[in-house]
Every structure is written in structure tokens, then in C-alpha cells.
Amino acid sequence: MKYWAWYIGAVVLVAALGWMPFLGTDVARLRPVELISVSQEENQILLETDTGDSGRGQTLELALEDLYDSTPGEIFLETAEYLLITPEGQSLLPELTKTLRPSCKVCLREGEMDLAEAAAYLSVHEPELTLQDYRTGEKDIPKLKMEGERGQLVP
């Protein structure tokens with residue numbers, strides 16, 4: 001019985017002095033992503049988010065690693081509602097289905113665009129294709145064209 005009292009006393013002492021091995025996360029450092037854009041140029045994959053963060057790499061794994069390392073704070077791709085992908089990057093969709101959640105909506109990206117404006121547009125005019133639908137091959141990928149703040153989804 002004495003040993004349990006010593007053990008409980010030691011745990012209380014460690015907790016009181018703040019020596020517990022658990023570290024909390026500062027909420028101000030959290031960066032939830034609503035939209036992620038994936039493009040592929042020659043041997044480089046570029047990932048960009050609506051939060052202004054980006055990562056590059058020769059593979060999707062290296063680009064994701066660069067994105068996590070270069071982001072000031074904790075980035076959450078699990079919150080991504082929309083995926084924009086260039087036609088050259090379509091070959092990455094099977095890998096992205098393992099990284100992003102199945103309900104993430106997918107569009108082909110045409111041209112340069114402000115990703116925050118694209119996210120705002122897509123939140124009102126949601127595309128129908130999700131990553132789950134892409135996996136089953138049920139629907140074609142719609143294209144998103146943005147001109148300033150105006151957008152258009154083309155089937």
C-alpha cells in the first residue's frame with residue numbers, strides 16, 4: 001500500500017511542476033486549410049493553400065513534407081474542403097485520395113487564381129465531384145475558371 005502512495009505522490013509532484021511529457025498546442029498556431037491546390041511542372045510538384053502556405057518537391061511526399069516544414073504553425077490538411085488540381089497534376093489524384101479526406105471536392109484548375117477567392121466561390125457553388133466519386137469513376141472532373149472574383153464551374 002505504501003508504494004501506491006509514493007507513486008501517486010510522485011505523479012502529483014511531476015504534474016504540479018509541469019514536467020509532464022505532454023505538450024499542448026497553442027491555438028493561435030493552428031492553420032486549418034479550406035482549399036489546397038496541386039500543380040505539377042516538369043519535375044516539381046507545387047502545393048499551395050488558401051492560407052498562403054506552399055510546399056515544393058519532386059514527389060508528392062516531399063512536397064507535403066516541405067509544406068509542413070515551411071508553415072509557421074500547425075497546418076491541417078484534414079480540414080480541406082476543396083482540391084484544385086492542374087491537368088498536368090491529374091496523375092497525382094490516386095496518391096491524394098490517401099492524403100485528403102474522401103468528401104473533399106475536386107476541380108481542375110485553369111490558369112492563375114487567388115486561392116482565397118476560389119475558396120469563397122467554391123463555398124457557394126460547390127462542385128459535385130468528391131475524391132470518393134473520383135475513386136469509383138462515377139463522374140467527370142469539373143473545371144474552375146476564375147476571372148478576378150468571378151468564377152465559373154464548367155462540367
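This tour moves from the whole chain to a group of charged side chains around strands 3, 7 and 8.

Begin with the entire protein in cartoon view, bearing in mind that the model is predicted. The protein has 5 helices and 9 strands, and, followed along the sequence, these elements come in the order α-β-β-β-β-α-β-β-α-β-α-α-β-β. Switching to a surface representation shows an accessible area of about 9,800 Å², with 54% of that area belonging to carbon and sulfur atoms. Of the 155 residues, 35% count as buried. Among the contacts between residues at least 6 apart in sequence, 52% join residues at least 24 apart.

Next, select E48, which sits in strand 3, spanning residues 44–49. With a relative accessible area of 25%, E48 is partly exposed, because that category covers values between 20% and 50%. Displaying its surroundings, and leaving aside residues up to four places away in sequence, you will find that E48 touches L35, I36, S37, D53, S54, R109 and L115. If you draw a C-alpha to C-alpha distance from E48 to L115, it should read 8.2 Å, although the two residues are 67 apart in sequence.

Now add R109 to the selection and show both side chains as sticks. A polar contact of 3.2 Å joins the side chains of E48 and R109, and the pair also forms a salt bridge, with the closest N and O atoms 3.2 Å apart. Since E48 lies in strand 3 and R109 in strand 7 (residues 105–110), this salt bridge ties together parts that are 61 residues apart in sequence. R109, at 7% relative accessibility, counts as buried, whereas E48 is partly exposed.

From R109, extend the selection to E112, where the two side chains meet in a salt bridge with an N to O distance of 3.9 Å. E112 is exposed, its relative accessible area being 72%.

Then move to K143 and E110, whose side chains meet in a salt bridge of 3.8 Å, N to O. K143 lies in strand 8 (residues 143–147) and E110 in strand 7, so this pair ties together parts that are 33 residues apart in sequence. Both residues count as partly exposed, K143 with a relative accessible area of 32% and E110 at 31%.

Finally, select E48, R109 and E112 together: salt bridges that share partners join these three residues into one network. The structure holds 6 salt bridges, among them the E48–R109 pair, the R109–E112 pair and the K143–E110 pair.

Methods: Residues are numbered from 1 along each chain as its sequence is written. This is a predicted model: local features need pLDDT of at least 70, side-chain atom pairs count only at pLDDT 80 or more; totals for chains, interfaces and linings use all residues. Side-chain values use heavy atoms; hydrogens and water are left out. Helices (H or I, at least four residues) and strands (E, at least two) are DSSP runs, numbered from the N terminus. Buried means under 20% relative accessible area, exposed over 50%, partly exposed in between (1.4 Å probe, protein chains only). Contact means heavy atoms within 4.5 Å. Accessible areas come from the Shrake-Rupley method with a 1.4 Å probe; for residues, only the protein chains shown count as cover. A polar contact is a pair of N or O atoms within 3.5 Å; within protein, one must be able to donate a hydrogen and the other to accept it, and residues adjacent in sequence count only if both atoms are side-chain atoms. A salt bridge is a side-chain nitrogen of Lys or Arg within 4 Å of a carboxyl oxygen of Asp or Glu.
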